[in-house]
Amino acid sequence: MINQQRICDEFMRQAAIDSPSFKEAEMAKYLENRFKELGADIYFDDAGEKIGSNSGNMIARLPGTRAGEPLLLSVHMDTVTPADNVQPVLKDGIFTSAGETILGGDDKSGIVEIIEAIEVLKEQDIPYGPLEIVVSVCEEQGLLGAKNLDFTQFKAKRGVALDTTGTDIVINRAPAANRFKIEISGHEAHAGVCPEQGISAIQIAGRSIAKMVLGRIDPETTANIGTIHGGLAANIIPKQVTLRGEVRSHDINKLRQYTDQIISAVEEEVDKATITVGNETKRATMTLELKEDFSPMGVAEDAPILQIIREAGAALGRPQEIRAAGGGSDANVFNGNGIEMVIIATGMNKVHTINEQLAVSDMVKTSELLVEIIRRA
C-alpha cells in the first residue's frame, strides 16, 4: 500500500526547508498547503507570539469517513541546529545531509509518515475515524509549543506521537524533569597581588559539583550539570559563576530528592565561603531558578491505545516493543493534560548530530504501522 517514491519526494521537500526552533514559519506554510491538499481544516494558534517563534502550532483536523472518537497525532516541525541550508541526500535508500548540518529526520520523518498514511487511507478507501493532528513549534527548546497549546480545543482522549528512534518501538513511560540555573557570587581580587582578599565563585562551584550525585543515579533517575559560565581573566579571582543543569526521574519523590541534593551541595559551600578583610566580613551568595521542565508520562500496559498498537503490529507480523525512555517529548505534555498518548518510532537515527541518518525502508514500516493504527482507532 505504501508509495515509497512518494515518501522519498515528500521527505526531500521537507528536509530542504530550514526550520530551526523559533524560525519555523516557512515550514509551517508548506505544511499548511500540504495538509489542505489532504482535505484537512487548518488552524494556527498564538503560541508563537508567547514564546518568540515566527509561527504558532499547527492544528489540522480531518473528519474521517466514519463516526467515532478522534485520534490525536503529534509531531513537531522544528529542528535542532546546525540547520542552515540543509541539503538532504538520498543514497542506497538512506537519507543523510550533504554538509555540516543536521538532516531533520527529528521530527520530519514523523510528519512525512502521517502524510503518507493519510494518502493511503484515501487511496485505498480504508474507513477511519476523525483525526486531530498537532504539529508543534519549539519542541526542541523545552516543549514550548506544546506547553502553550489550548487543550480545551481537542476532543481526542488518546493519541500517538511520532518522535523516537528505531522502528517497532513504543514508548509508554518517560520521566519528569526539573531544570535549574544557579548563580554563585563571590568577590573579585587580583589573583597575583591579593588573592586572599577574594572569594572564588569557580572554587565554590567546583567543591559543590564534587559533592553532587550526577550521571546515571539509578534505572529511573539521571542528573547533570550541563553548562558552567564564569570568570573574566586568569589574573582575577572570579566573582561570578552560573551553573545550568537538570534532574530527570520516573519517580517524583526521587526527582525531588536529587534536585534538593544538588541545591543543598551548593548552599553548603556558599555558606562556608566567608573571609575577613580588615574589619569587613565578605560572604558568598547564590540565587536559584528552578522550574518543572515537564511532567512524567506513564501509560498503563493495558491501556486501549497500546492494545490498538499491538493489534496493528500483529496484523503486519511485527510485534511492537513497549518500553520506557529517558527523554521528554510533547507526549509528556499531552499526558499531563489528560490525553493518553504514547510515542512510536519513526526510523530516525543518530539524531541531533550532523551524522543523522534515515532509511526509507524504515519510514515505509512506520507508515504501514500508522495506517493500521488509524484504521483500528
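**Notebook: a walk through the chain**

**Entry 1: the loop with Asn85**

I started at Asn85, which turns up in the loop between E3 and E4. Note to self: this is a predicted model. What is the sign of phi at Asn85? It is positive, about 60°, although Asn85 is not a glycine. Next I looked up whether Asn85 is buried or exposed. Asn85 has a relative accessibility of 53%, and the cut-off for exposed is over 50%, so it counts as exposed.

Pro82 sits in the loop between strand E3 (71-76) and strand E4 (88-91). I checked the peptide bond from Thr81 to Pro82, and it is cis, with omega near 0°.

**Entry 2: around helix H4**

I then went looking at Asp106 and Asp107, and a cis peptide bond joins them as well, with omega about 20°. Where does Asp107 belong? I found Asp107 in helix H4, which covers residues 105-123.

Moving along the chain, I stopped at Asp125, which is in the loop between H4 and strand E6 (131-136). Asp125 is not a glycine, yet its phi is positive at about 50°. I looked up its accessibility too: Asp125 comes out at 66%, and exposed means over 50%, so this residue counts as exposed.

**Entry 3: Ile7 in helix H1**

I wanted a residue in the first helix by number, and Ile7 is in helix H1 (residues 4-15). Is Ile7 buried or exposed? With a relative accessible area of 1%, Ile7 falls under the 20% cut-off, which means it is buried.

Who touches Ile7, once residues up to four places away in sequence are set aside? I noted Ile2, Val112, Glu116, Met363, Val364 and Ser367. I also picked Pro82 from my first entry for a distance check. Ile7 and Pro82 are 75 residues apart in sequence, and their C-alpha atoms are 24 Å apart in space.

**Entry 4: Ala331 in helix H9**

Next on my list was Ala331, which I found in helix H9 (residues 330-336). Its relative accessible area is 0%, and under 20% means buried, so Ala331 is a buried residue. Leaving out neighbours within four places in sequence, I get contacts from Ala331 to Ala161, Met297, Met341 and Ile343. I also looked up Phe294, 37 residues from Ala331 along the chain, and the two C-alpha atoms are separated by 9.9 Å.

**Entry 5: two more loops**

Ile237 took me to the loop between strand E11 (221-230) and strand E12 (240-249). How buried is Ile237? Its relative accessible area is 14%, which is under the 20% limit, so Ile237 is buried even though it sits in a loop. Apart from residues up to four places away in sequence, Ile237 touches His187, Glu188, Ala189, Ala191, Pro195, Gly198, Ile199 and Ser200. I took Pro195 for a distance check: Ile237 and Pro195 are 42 residues apart along the chain, with 6.7 Å between their C-alpha atoms.

Gly317 is my other loop stop, placed between helix H8 (304-315) and strand E17 (321-324). At 60% relative accessibility, over the 50% cut-off, Gly317 counts as exposed. I looked up how it sits relative to Met1: the two are 316 residues apart in sequence and 15 Å apart in space, C-alpha to C-alpha.

**Entry 6: the largest pocket**

I turned to empty space next. What is the volume of the largest pocket? I wrote down about 460 Å³. I noted 25 lining residues for this pocket, and Glu139, Arg248, Gly327, Gly328 and Ser329 lie nearest its centre. Strands come into the lining too: E7 (158-164), E8 (169-174) and E15 (285-294) each supply at least two residues.

**Entry 7: the whole chain**

Last, I zoomed out. How many helices and strands does the protein chain have? I noted 10 helices and 20 strands. The C-alpha trace spans about 85 × 45 × 40 Å along its principal axes. The chain has 377 residues, and 53% of them count as buried.

I also looked up the contacts between residues at least 6 apart in sequence, and 79% of these join residues at least 24 apart. The accessible surface comes to about 16300 Å², and 46% of that belongs to carbon and sulfur atoms. Finally, charges: there are 38 positive and 55 negative ones, and their mean positions are 2 Å apart.

How values were computed:
Residues are numbered from 1 along each chain as its sequence is written. This is a predicted model: local features need pLDDT of at least 70, side-chain atom pairs count only at pLDDT 80 or more; totals for chains, interfaces and linings use all residues. Side-chain values use heavy atoms; hydrogens and water are left out. Helices (H or I, at least four residues) and strands (E, at least two) are DSSP runs, numbered from the N terminus. Buried means under 20% relative accessible area, exposed over 50%, partly exposed in between (1.4 Å probe, protein chains only). Contact means heavy atoms within 4.5 Å. Accessible areas come from the Shrake-Rupley method with a 1.4 Å probe; for residues, only the protein chains shown count as cover. Lys and Arg count as positive and Asp and Glu as negative; His and the chain ends are not counted. The place of a charge is taken as NZ of Lys, CZ of Arg, CG of Asp or CD of Glu. On a 1 Å grid over the protein atoms alone, a cavity is a set of points where a 1.4 Å probe fits but cannot get out, and a pocket is an open set with protein on both sides within 12 Å along at least five of seven lines; lining residues have an atom within 4 Å of a point. Grid points are joined across faces, edges and corners, and a volume is the space filled by probe spheres set on the points.
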